[in-house]
Structure formats: C-alpha cells, structure tokens
Amino acid sequence: MSEDFNERRKKLLELNVRAWDGDNVINLGKLDSSLKKNTALIKKIRVLNHDSEKSLLKDISATSLEKYLSEVVSAVTEGLLKCKNTNDVIAAVEIISVLHQRFSYRFTPFLMSNFLFSIANPPKSQTITQVITSNSAENNKTEKEDIARLNKQKILLRLLTEFYFVGIFRNVEVCCANVDLPDFITRKLDRGIYEPLLLAVLKEILNYNVKSGLTISLVTTYLKKYSTFILDDDYTFMNPDLKKSLLDLFKSYTQLIITRTEQLKETITYKTDKNRQIALKTGKVVEGLEIEIEDLEKLFEKFKNGSEYLSELFGIDMPDLADEKIATEHSSIITELVKNTNNSSINNDELLIWGTDEMKKFYTEIPDISQTVSAEILNFKPEINNTNLESSEQIGNELSMGERMNKFLEQLDNCTTQKDTDNIVYDFWYMKLNNKASRNRLFKAFIENQDLSKTKYYARFIAINKAYLTDLKDEIIEYLDKGFRSQIHNNKLNVKNIIFFCEFIKFKLVPIHILFHKIRSLILNITTKNNIEILGILFENCGRFLLHDQEYEKLFSEMLELLAAKRMKEKLSVNERYSLDTMLLTVKPISSKSLDNKTDDNLSLEEMFLKRLIRQELNKENLSKILSLLKKFDWRNDPESKYLTLLIDLLTSPDKVNYENIVYLAKIVKELSKSSKSLLTYVIDSVIENIQRGLEINDYRINRKRVADVKYLSELFNNRLINMNVIITVLYKLLCFGHLNNNPMPNQMTELDPPDDYFRIQLCCVILSIVDMTITTKTQREKIELFLYYFDYYCWTKVHPIPMDTSFKIIQMYAKVKPEFQKANSLQEAVQNLQEILTTMKLNNVGEEEEESGMDIAEDEDIEEDGEEEEEDYQDEDDYEDEEDDDEDEDDEGEEEDDEEEEDEEVDSEEEDEEEDAKTEVDEDGETGNYIDDDDYEEDELEEEKENAINDKYELKLQEEHDRKIEEELQREFDRMIVQSMENRKLEKHKFNAPVPSKSMLYPNNNSNQKLDDANSSVAFTFVTRNSKNKRLVSTKVELSNDEKFASKIMREGIKQRSEKDRIKNIVLKGIKD
C-alpha cells in the first residue's frame, strides 16, 4: 500500500480512538428509519468491495440502522470474507471505521466476536478424531476443508492487521467484555494473560498442525505485506513491545520449519533407500511406497521454500539442504540413456569396457530422432507435409500395412551395422508402422529370432525409439524379466534371453531394481543348477560395464563382495570354484601393469621365500622341513631384524593361511618360541587383540578373519602355549562384550550384538570344538561346564528359532565337549540351570574345604608316633568312588601327556620334557609371563650377584617341579593298588557288614609293634562317612579283636600294601634316574 494510505491510517486511528472514548466523531443529519431502506443497506453490505464503497458510505450516514445492528454485524462479517484484493481491503477499512465511529460499543465488540470465531482453528479433539478414523475419501475431504479455512484465515488476518492499525480492534479485555469469545481467547483471559489481539490471533494460527505445512503459505504471504511494520522502527502503528513479541514469534516459527525440513529430508532418504532395497530384493517397485515418497517430496519442497524465505528475512542460518538427489533419488529405478560425449577418443578404462572405439560409439552415441523425423510423423499424423521423402515413403504409399511390415522385418533381419540400425529406425517411422498390430509383430520377431548376433541391433533399435515405443520396450523387459526368473528357480538355461537382457543393460534400458534383483538372486542361489552358467554369461557380456559405470558401480561392487563371500561359504566343487574365479577375473582382470608392480611391497628374495613358506607351502607333510628352514634365518639376535618383523606379521595373520593349516601354524609358533619368548608374546597379544577388535567392529566382511583368529587361539592352547584361563576369558568376552553391564539380556537391542546375529555363537562353538579337553584338569573342566550353562542361557537371549546351520554347530560342540549335557527348553529353564550349577559349585567348594579339615582331624587322632609317610597319601581321598574317579582322570592325563610327547617328537625329536614345562603361560588379562631358561639369563645385563640369585631361584623351582612329578607318579601307582585291592574285597563276604572306610588307620591300641597272633590285643578302625544332607564328614571309631578274621585280614593287607608301595617307589626312582 502507498504512503498516502499510511497517512489515511493515521487519520482513521485518531478518529476511531476518539470513538472508543465516546466522542461524537460523525455529524449526522436526518436518518431514514424505514424498513425498506435499512433492509436494502444490509443487503448491500454483504458485498464489500471497492466499487460499492462510496454508495455504502453515503447510505450509512443517511440510514438509522439502530434497530438492525445484529443484522448489520452478520452482514458485515459475510462481506469481509469477499475482500480479496488491496482495493477491497482499503474499502472495508473505510466502511468498518464509519460504522465503528457511529455505533462504537454497540457494534464493534460484536463484530470482533464474529471475526474471532471465523478465524479460529478447529478444536483439537476434532482433528484427532479425523486422524484416527480417516480413510482416503475422508482425507481428501479434510484436506479441502483445511484449504478453504486457510484461505479464509488469510483474508481475515490481513483485515485484522488493518483494523488493528486504525484502532478498530485493539485490546480484547476492553472491547469484548460482554460478548462471546472463542476458546483460545477465553483460556488466556482465565489465566490472566492479556495480549494484543493481533499477537493472540497469530499464535493461534501458527500453532495449528505445523507438520502439515499448511500455514507456511499464509505466513509468507502475510510477511511479504507486513514484515516492514515489524522490522522497521519508522512505522509507529505497532508499539515496540508488540514488535518484539511478533519478531520472537516468527523466529520461533522459522526454527520449527527448518527443523521439520531437515526431518523430511532424512525421512525421504530413509524411505528412498528402503524402496531401493525392496526393489533390489523383490525385483518390483512398491507402488504405495512410491506414492508416499512423492507426497513427502512435495511437502519437502514446500518446507524448503518456506524455510529459505523466512531464514533470509529474519537472519537465521539455514542448514545445508543442497540437492543430493533426495527428491529424485528413487528415480534411479528409471533409467536414462548414456549421454553423448564430445570426446570421441577412448581411454584405457573405456577400452576395458567396450574393447574398441566403434563399440563405444555403438552403445553411447544414440541419435535423437525428434531432430530428424518430423513431429507430425512421430505423432501419427495421417498427412505428411514433406516433399523430400525417401524411397521408403513411396513404398509406403504403394503397399498395404502388412506388406510394409513384412518389408521392414526383412530389412531388420539383414541389419549388420550401426548405420543399418539407424536407417531402419527412420524407415519404421516413414513407413507409418507405429500401430498396435505392427508393434505386436515386432515384439514377436525380437523374441523368436534365435540369432544371437542380432540382439544388440534390436536393443539399439529400442534404445533410439524408447521415448516413442514405451509400451514395446516395457513389454520386452517384462518378458525377459519373467524368463530370467524362470531360469533362476527352474533349472533352465536360455542363452539368447540372457544375452538380449545384457544388451538392454548396456543401453540402460533395464530398471536398476530389476537388474540387481536378478544378479542378487543368482548369487544367493549359486548352488542351484545352471545359476553359475547364467551368472557367467551375464558377467561376460556386461560385467565390466556395470563395474565401471558411475550409476551401477556401487551396487555392482556390493554384488561382487556378496559373490566372494558365497564362494568361501558354500560347499562348491572344484569346477564350480574355478568357474567363479574365472568369472571374477573376467570382470576385474589383472592388468600387466599391476602384475609388474606386484613385488610384495618390495620384499627381498629371502623375505619373499619366508612369506611363501608360511602362506603357501605350509601343510602337514612340509611342517618339519619348514621348521628346519625357519631356524636357519637370522632373526633371533636382532630385535629390529627385518626377518623378525616379517615373521611376526606372518604368524599373527592366520586368516592368510589355509584354514586347515592353522593347526600347523600354531606348531611353528611353539617351536620358534623355544628360541625367542618375545616372539610368543607378540603372537598371543596380537591374536587376542584381533579378537577384541573384531568384537568392536562387528563387520560381517571380516567374519572369516575372526573365525581364523579364534581357531588359532584354540590351537595355541592345544600346543600348551597358553592356559585354559585365557580360553575361558575369551569365551566370556565373546558373549558379553558390548552388552549393558557385560551381561546379555533377552529382548535387549545391542548395536554390536543384535538379537538376530548368531555369529558369536559360532565363534564359541569353533573354540570349544577345537580345544583338546584331554589336557584339561578337573577344575578347568568344571569351569568349562559352568560356561556351557552360561552359553545355553546366551543362546536363549537370541531370536528363536536359531538358524539350522548354527544349531548343527551347537549340537556338534556339545557332543564333543560334554555329550551328556542337557540343553534348556526355555529361557526360564536356562536361567534356573545356571543358578543351580552356580549353587552346586559353591557347595562343592565348601564341602571340599570341610572334608580336608575333617580328614586332618581324623588322621591326627589315630596316627601313632611311628606312622609312616606312605599313609599320608590317604589324606586326599574321600571314599571309594572318589578314588576311582580321580584314578581314571589321572590315568587319562598320563596317557594324554604320553600322546603329546609322541606328537612333539614328530615335530622335533630333540625336544625335552623340561622345555615343554617352561612354556609361556598367559593370565586371564591376556598378559604373558615366561619361565625363563638359563640361556635367557646369560643375555641379562644385571650384576653378577643378582644374576646368580635368579639362577639359584630358577634351579630351585625346577627341582621342586621335579620332586612334584615324582610324588604324583608315586601317588598314582599307589592309588591303583588301592582300587584293585578294594575291587577284590567287594567279592568277599564278611561277618561284620560295615561300609568300606575311605580313611582307615590300622594301629594297635597300646603297642605299635604288636604281632598279628596276639589274641589279647584289639585293632582300632576309624570309619569316615559323608552326611548326604549337609555334606559334612562323620568319623566313627570301631575296635575289633585281632583274632577276628576281618581284622586280621585287614592288617595283613596293610602290611602287604606298604611293601608293594616301597617296591614301586624304588622302581620309579630308578627309572627317573636312568
């Protein structure tokens, strides 16, 4: 509006304020109070516009209207809604000002009431009900209602602002004290909030359903007209407080719009990716999702335009909403032809794709027929206004439609060059063959012709005409798609269809979702008959194009990774693996340049030889030879030796070795660690660190490496390079790492270990299936049993049912580790089993301590001063059954040690038992500690006295270990005798039916040298039993006369056992000395 109207606003403001104050602003003459005149005026007021302004002002000043004010208010409210342009708004301001100056409180408050009810938003309850019960028809109806209400609000908001400027509508509490008001006003008044009317109305409008973006157009339209009144201090129609409040309101609204714009961007990106993934998996586009994305894109554009305007107006930073093809990313499903390039020369990459410059032009230089064929012909006009038609047009005028089509198909069969194809395209149009019958015959010719050399010319024909023969193109693609699906799942092979499909791909006629769905389906079903052949044909014809084209490169690289993973995982024959390798080389051939540059990182010949020994030549047959060669390398004396660095790298990368040969890699570590304990430290630390790193990354692409690492760790244990504590620690870490409080819980989403990820289960199965349980102690087996219960619980925290391959691995693991283990049938049962085993182990530990204490007491009570040392061996035995179990365990351990020694002799016949005992041990934290040999101490630079002290300590340790072995051997031999003797006694009948004592002390009451034939003496027996309820030991003394058959037999057995024990001891000592 002009500056003149601003002056008029000031004048009207002064008059209207005086009217509010009760001043007589208008001088009225004689007023007409007739019904006819008043009714005519009320009717005229219903149409407020610029044309009727003068007549209305004249009639208002000459008509009474006193009795008809309610009708006037209603008519004015209706008329205001028709003021759509600036002149009508100015006229409305003048007319309403006159009515206000005449009637003041009798008119204006009631007009304001109607005005506010008309501009108010619908109740929230109504909006919520519409959302809950909405369907397609109701949504359309609601959308129309919202648009109509929004248009009405635009008009009323503009009028409200003008009325505020000229003083008609000011403060709600003053002018509307005795009239009805909408809820959004009364709620504020009830809370004692008195805001300017303009501010209250704007808050009501802007707070309505911001996410829909309905108010964006209203706000931008309003600010284009009135932003200067808010931002410019020269305009005094608003007081400073109101300006500040409105500025804050619009800035908050702007921030809200920007945030919503960013959310829409993320939503569109997510749904677009989801749509692409579904399309790739199913080969079909989800129409509902496509429509949803299109609606979101329209909404995003609305929010983006609004946020850009508002952020610039109010000086707010706009986030980066650069076009990343958000709005058109899903259109990647719709293909485009390759753009022509001005550079006709072919570079190396293009040579790899197309082979020759001519072939590149054939697929990339597509003529635009709209530039050479007239629009009349392309649009099927019957009359052709062209006097310079070629001979093909003359043929068309002389022959029938069928004859023309026969002639065209004959030319199509004779097509052999790019130029022939382009000429046939023009003939097709000039012969006026674009009709349904001709297209059907053309489709039939394309699919029935079995000449493979013609497929690329057919594809070029479709590519040139794709904009005008869309139906034919889609029909052929659908036919090829169905044929492809049939071949994948029904063991069929149609080479012509596959090659035709490939030609369409090179012209980018096949939608991306159809293309990669076929490739993905072939790879996932690679073991199905003929699928490798189909994939091979596809890769041979268009694999390089897909890998190097910018549009397909990323997706095709993912398909190659999937194929490589399936090749490693699936059980394929040698020929099938060879076919896959050839296929990959076809797509990604090794160039001569890369072969020349492949020098193993500039390794020397010795280093290359060392690398080949371990990476390629290592196997069971070559193990001893490789060990001999490795010992000849000079890597022990120099910590910075290049051989040592390379050796550490080779020994810490089990994934680079054949999986079956990892066991021999561990044997190499065992042998080499005898010369360098630091090498063993590096290897163990690196393996544990690799396992930890795999848990942190959790990338499926390194799963093969992770399996190799845990297998390697297990083989290191089997070679006694680490102890069982390390294995158990790693097992628990595999299950607990990344979980809250290191405790897996059911239905708990963990990023590093989702409920539907079963790979950690497989890793644990690999470890437990490889670990040699025969070299474990009883305590270690108890720890493993406890882990099995925890592992069973962990399996129940995963989504069930568990995949079949993982279930088979679990079954095989249990069969090897603990065949009698009973798996839980539910999560609750698994938890209960875990609690029971923990309670049982705790009670057993307490019982063992009490048992040892009880045995000591029983022994102290009965031992005489001349007791022999051999009888102290009974202190570690509870009862007959425990003795038998322990004997069997120790027998097994002895056999295992013998087996281990025989295996070690195959590797190196010079290995000694003492060297095996000096192996490195690893504690639970993954740190390594070494028993150091005398040679290691010679390298130490400590003072001579300290060196001698350490050597003495080491010698003492070896001596203690030597003595311990002797005692253990004696104990085992003695225990066997006890068991054999007790077995014999089972078959005898005794007069005194008493339990076999686990601890028997055979001493006379008064004289230790009492003879067996002394009939007046008695023999004391101490029987120790265990209470089945509280697990406590109970000892009972029984005295029998030595003439009793039972007592005399026991005494003779004791004497015999002691003599046999002495004899065995002498034999063992003699064998050890030898």
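Select helix H22, residues 455–464, where nine of the 10 residues are buried, buried meaning under 20% relative accessible area, exposed over 50% and partly exposed in between, with a 1.4 Å probe and protein chains only. Helices and strands here are DSSP runs numbered from the N terminus, a helix being H or I with at least four residues and a strand E with at least two. The model is predicted, and local features need pLDDT of at least 70 while side-chain atom pairs count only at pLDDT 80 or more, although totals for chains, interfaces and linings use all residues. Residues are numbered from 1 along each chain as its sequence is written, and side-chain values use heavy atoms, with hydrogens and water left out.

Staying on H22, colour its buried residues, which are Thr455, Tyr457, Tyr458, Ala459, Arg460, Phe461, Ile462, Ala463 and Ile464. Then show what they pack against, namely helix H16 (357–364), helix H19 (401–413), helix H20 (418–430), helix H21 (436–448), H23 and helix H24 (495–506), where contact means heavy atoms within 4.5 Å.

From there, move to helix H23 (residues 470–489) and select Gln487. The residue is buried, with a relative accessible area of 3%, and, not counting residues up to four places away in sequence, Gln487 touches Lys492, Leu493, Asn494, Asn497, Ile498, Asn531 and Ile534. A polar atom of the Gln487 side chain lies 2.7 Å from the backbone nitrogen of Asn494.

Next, go to the loop between H20 and H21 and select Lys432. Its phi is positive, about 55°, although Lys432 is not a glycine, and the residue is partly exposed, with a relative accessible area of 35%.

A second positive phi, of about 60°, belongs to Arg720, which is not a glycine either. Arg720 is found in the loop between H35 and H36 and is buried, with a relative accessible area of 16%.

Now display the two helices on either side of that loop, H35 (residues 703–718) and H36 (residues 724–736), which pack at an angle of about 160° with their axes 10 Å apart. H35 is therefore roughly antiparallel to H36, given that angles over 145 degrees count as roughly antiparallel, those under 35 as roughly parallel, 65 to 115 as roughly perpendicular and the rest as oblique. The axes are lines fitted to C-alpha atoms, for helices over the stretch in contact, and the angles run from 0 to 180 degrees between N-to-C directions. To see the contact itself, show Leu713, Ser714 and Phe717 in H35, which meet Met724, Ile727 and Val730 in H36. The residues of this contact divide into five nonpolar, one polar and no charged.

Continue to the loop between helix H38 (778–796) and helix H39 (804–817), where Pro801 lies. The peptide bond leading from His800 to Pro801 is cis, with omega near 5°.

For the last selection, turn to Asp51, in the loop between helix H2 (35–45) and helix H3 (53–62). Asp51 counts as exposed, at 73% relative accessibility, and its C-alpha atom is separated by 9.1 Å from that of Asn87, a residue 36 places away along the chain.

Finally, zoom out to the whole chain, whose secondary structure comes to 45 helices and five strands. Of its 1074 residues, 44% count as buried, and among contacts between residues at least 6 apart in sequence, 75% join residues at least 24 apart.

How values were computed:
Nonpolar A, V, L, I, M, F, W, Y, C, P; charged D, E, K, R; others polar. Polar contact = N/O pair within 3.5 Å; in protein donor to acceptor, adjacent residues only side chain to side chain.
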